[in-house]
Amino acid sequence: MTKRRLAESRLLHGGDYNPDQWLQYPDILKDDLRLMKLAKTTTFTLGVFAWSALEPTEGNFQFEWLDERMDAIHQMGGKVILATPSGARPAWMSEKYPEVLRTAENRQKLLHGGRHNHCFSSPIYREKVAIINRKLAERYGSHPALLMWHISNEYGGDCHCDLCQENFRTWLKSKYSTLDQLNHAWWGPFWSHTITNWSQIESPSSIGENMVHGLTLDWKRFVTDQTIDFYQQEIIPLREQTPNIPITTNFMADTHDLIPFQSLNYSEFAKHVDIVSWDCYPAWHNDWEETKDLAMKVGFINDLYRSLKQQPFLIMECTPSGVNWHDVNKTKRPGMHMLSSMQFIAHGSDSVLYFQWRKSRGSSEKFHGAVVDHDNSEQNRVFQDVKAVGEVLEKIKEVKDTNKHAKVAIIYDWESNWALNDAQGFAKATKQYPQTLQKHYSSFWKRDISVDVVTPSHELDKYDLVLAPMLYLMSEEIITKLEKYVQNGGNLVSSYISGLVNETDLAYLSGWPTKLQNIFGIDVKETDTLYPKDRNVLQYKGRHYEIKDYCTLFETKGASVLGTYGEDFYQGNPAVTVNDFGKGKAYFLGGRTEQAFLDDFYQELIENFNFPGNKAISHPLGVSVQLRESETHHYYFVMNFTEKKQHVELKESFYELVSERDINGEVELPIYGTLVLRKEK
Ligand code: GAL
C-alpha cells in the first residue's frame with residue numbers, strides 16, 4: 001500500500017465540529033473561529049453525520065455552508081479532516097428506499113432513527129454514498145485546508161436482510177467451494193445440522209441457528225469483510241480525486257474494560273486505512289479501579305492500535321471532560337485532561353482530537369463534554385484545560401512522527417476471542433481473554449518496557465519475547481509460525497486454554513497439537529474450570545501464589561518443571577514449565593495466577609534481556625514512563641497516575657520540553673503531573 005502521510009508538522013489538536021447543527025446561529029459560527037484560536041486548536045473534523053444538511057432532499061445538494069467553514073478554517077491557519085456522511089442517512093432516504101435500513105438478527109426490520117443502522121449490502125445505499133462522496137471529493141479535493149478523509153463513523157454492527165444473506169452465501173461459496181467442505185468445517189451432522197442446499201444457510205439468530213460455532217465464526221468474518229468492502233466502495237471517488245490525501249476511519253474500544261472493539265476484526269481493517277485512528281473514552285476516576293490500573297488498560301489498547309500498522313496513530317475522539325453514555329458520566333478532575341492527553345502521545349498518538357468542539361443544544365449529546373459549553377465562555381475550566389493542552393502540544397511538536405520500538409510482543413487475536421466467547425465450556429464469566437492479556441501487559445507497563453500488542457499475522461522474528469496467553473484458536477499456520485519463531489531463538493509464553501481448536505473452531509484430534517507438544521515439551525490433558533470461590537496454589541521457586549479460575553492438567557515430555565500445583569487431586573503436578581526448543585525457549589503457564597506471580601515471573605525473564613524502555617528514571621508505582629524515539633533522540637513521557645504528589649529520580653540530565661529547561665536529580669510530580677523529557681541518543 002502506498003504510504004500517505006499527513007501534510008502537517010503540528011500535532012493535531014481540535015476535533016469533531018458540527019456547524020451543520022448551528023446554521024441558524026450565525027453569531028455562534030462566527031464566534032467558533034475566535035474560540036478555536038483561543039483554545040489553541042487547529043484541526044477540525046467536519047461533516048460527520050451532516051448528510052441532511054448536505055443533501056436536504058434527494059439530489060438537492062447544499063455545499064455553501066461547508067465551503068464557507070472550510071475557507072474560514074483555512075484562513076485561520078487550520079486544517080480539516082473531512083468526513084463522508086454515511087454514518088447516518090437523511091429521513092427522505094429511509095422513507096423512499098426502505099432497503100437502506102438494517103434488519104436485526106431477530107429478522108425485525110429497523111425503522112429510521114438513531115444512526116449506524118444502514119445495510120452494508122443495499123445497492124441503493126452504496127449508490128447514494130458513492131454520489132455524495134464523489135461530490136465531496138470533486139468539490140474539496142484540492143481545498144488547501146483538506147488534511148485527511150474520515151470515512152463514515154465508527155463502522156460496526158451487522159444486517160440480516162435478504163441481500164446480506166445472499167452475500168453471505170456467496171462469501172461462503174467462495175470460501176468452501178462445496179457443501180461437503182462447509183459441512184465438515186461446521187461439523188454439520190451435529191444435531192442434524194447438515195446443509196444440503198446453499199439456500200438453507202442463514203446468518204446466526206436468536207430465533208434460529210446459534211449453536212453452530214463454525215457458522216458464527218464465519219458470520220463474524222463475513223461482517224468484517226462486508227464492512228471493509230463497503231468502506232472500499234466509499235473511498236473509490238476519494239482515491240481518484242485525491243490520491244495523496246490519507247484516509248482513515250475511526251475505530252473503537254469496548255469501554256468498560258477498554259478491551260478491543262469486539263465486532264470487527266481491526267487487524268484486517270487496518271490494512272485498508274492509511275492511518276489508524278480511534279476514539280478513546282476511559283472512565284477516569286471511576287469507583288471500581290485505581291487510576292493507575294485504568295491507565296495500564298489505556299496503555300494496552302493504544303499499543304494495540306499503534307501496532308496494527310506499527311506507526312503513529314491518531315486519537316480521533318476523546319472528551320475534554322465527561323461523556324454522556326457511561327453509566328455515570330463523571331467529569332475529569334483538574335490535571336487529568338493534560339495527563340490523559342500526554343498518555344495518548346506517549347503511546348504513539350500524533351493527535352488529541354475531541355468529540356466535540358461545541359456542545360450541541362438538543363438531543364442525546366447535549367450534555368456530552370465539549371470544548372465550548374452552552375455558555376460559550378472561554379473562561380470555563382474545561383476550555384482552559386483544552387487550551388493548556390494546545391500550548392503543550394505546540395511545545396512538544398517535535399515528537400510527531402516518532403515511533404516506539406519494542407522487543408516484547410503480546411498477541412491479541414480477534415478471531416480467537418470470537419471463538420472463545422462462543423465456546424460453551426469453561427466458565428461464562430471468567431474467560432476474559434482480553435482482560436488476561438492486560439494483566440500480562442501490566443507486568444511490562446509497570447516497568448516502563450515498551451510492548452507491541454500484535455495480531456498473529458504480524459512478523460514475530462524481531463521480538464525477543466512473545467507472549468501468547470489464552471490463544472484458544474490456533475490454525476496450523478499460526479502453530480508453524482510459533483514453532484519457527486522459537487526454533488530460531490525466540491522466547492514464547494503460552495498458557496491455559498491455548499491451541500484447543502483450529503481456524504473453523506474444530507477441536508484438534510491429536511490431543512494438544514503435536515507441534516505444540518514439541519515446542520513446549522508437554523502434553524495438555526485437561527482444563528479444570530474452577531468456581532469463582534475456588535482457589536489452588538502455585539508452588540514456584542519456594543514461593544506460593546494464588547491460582548483461580550483455570551488449571552491445566554498436563555504431562556511433561558521433555559520440559560523442565562518450574563512450578564507445581566499445591567492442592568487438589570493434581571497436587572504436585574506440573575503447573576509452570578520451560579522447554580528448550582531449537583535455539584529458543586517455550587514457557588507454559590498452566591493456571592490463572594494472581595498478578596504477583598506474573599510480575600515475578602516476567603521480572604526473571606526481563607533480567608535476561610535489554611528491552612527498550614526507561615532505565616534512566618526511577619519512580620514509585622503509579623508513575624509510568626513511556627518512550628518515543630526519533631533517529632536522534634529519545635523522548636520520555638513521565639506521568640503520575642496517582643492522587644498523590646510523587647518524587648521521581650532522574651539519573652541523567654534531560655531537557656524538559658514544556659518548561660524548556662535542563663533537569664536532573666529528584667523532581668516532584670504534582671498529582672496527575674507530567675514531564676516530557678528529551679535526551680540525545
Ligand atoms: C463516539 C461517536 C461520536 C459521539 C461520541 C460520544 O462513539 O463517534 O459521534 O457520539 O461517541 O462520546
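Trainee: In which loop is the place of N502?

Mentor: This is a predicted model. One flank of the loop that holds N502 is α16 (514-520). The other flank is β15 (491-495), so the place of N502 is the loop between β15 and α16.

Trainee: Is N502 buried or exposed?

Mentor: Buried means under 20% relative accessible area. N502 has a relative accessibility of 17%, so N502 counts as buried.

Trainee: What distance separates the C-alpha atoms of N502 and A559?

Mentor: Along the chain, N502 and A559 are 57 residues apart. In space, their C-alpha atoms are separated by 24 Å.

Trainee: Is W191 buried or exposed?

Mentor: W191 lies in the loop between α7 (179-185) and α8 (213-241). A residue counts as exposed when its relative accessible area is over 50%. W191 has 55%, so W191 is exposed.

Trainee: Which residues form a nonpolar patch on the surface?

Mentor: The patch has about 470 Å² of accessible area together. W191 is one of its residues, and the full set is W187, F190, W191 and M211.

Trainee: How many charged residues does the shell around the ligand have?

Mentor: The residues around the ligand include R115, E154, D279, E317 and E365. Asp, Glu, Lys and Arg count as charged. By class, the shell has four nonpolar and two polar residues, and the charged ones number five.

Trainee: What percentage of the ligand's accessible area does the protein cover?

Mentor: Polar side-chain atoms lie 2.9 Å from a ligand oxygen atom for N153, 2.6 Å for H368 and 2.3 Å for E365. On its own the ligand has 310 Å² of accessible area, of which the protein covers 94%.

Key
Residues numbered from 1 in each chain as written. Predicted model: local features only at pLDDT ≥ 70, side-chain atom pairs only at ≥ 80, totals over all residues. Heavy atoms only, no water. Patch = residues over 30% accessible without salt bridge, like charges linked within 9 Å, V, L, I, M, F, W, Y side chains within 5 Å. Areas by Shrake-Rupley, 256 points an atom, 1.4 Å probe, with all protein chains shown as cover. Salt bridge = Lys/Arg side-chain N within 4 Å of Asp/Glu carboxyl O. Helix = DSSP H or I, 4+ residues; strand = E, 2+ residues; numbered from the N terminus. Buried < 20%, exposed > 50% of the residue type's maximum accessible area, 1.4 Å probe, protein only. Near = heavy atom within 4 Å. Polar contact = N/O pair within 3.5 Å; in protein donor to acceptor, adjacent residues only side chain to side chain.
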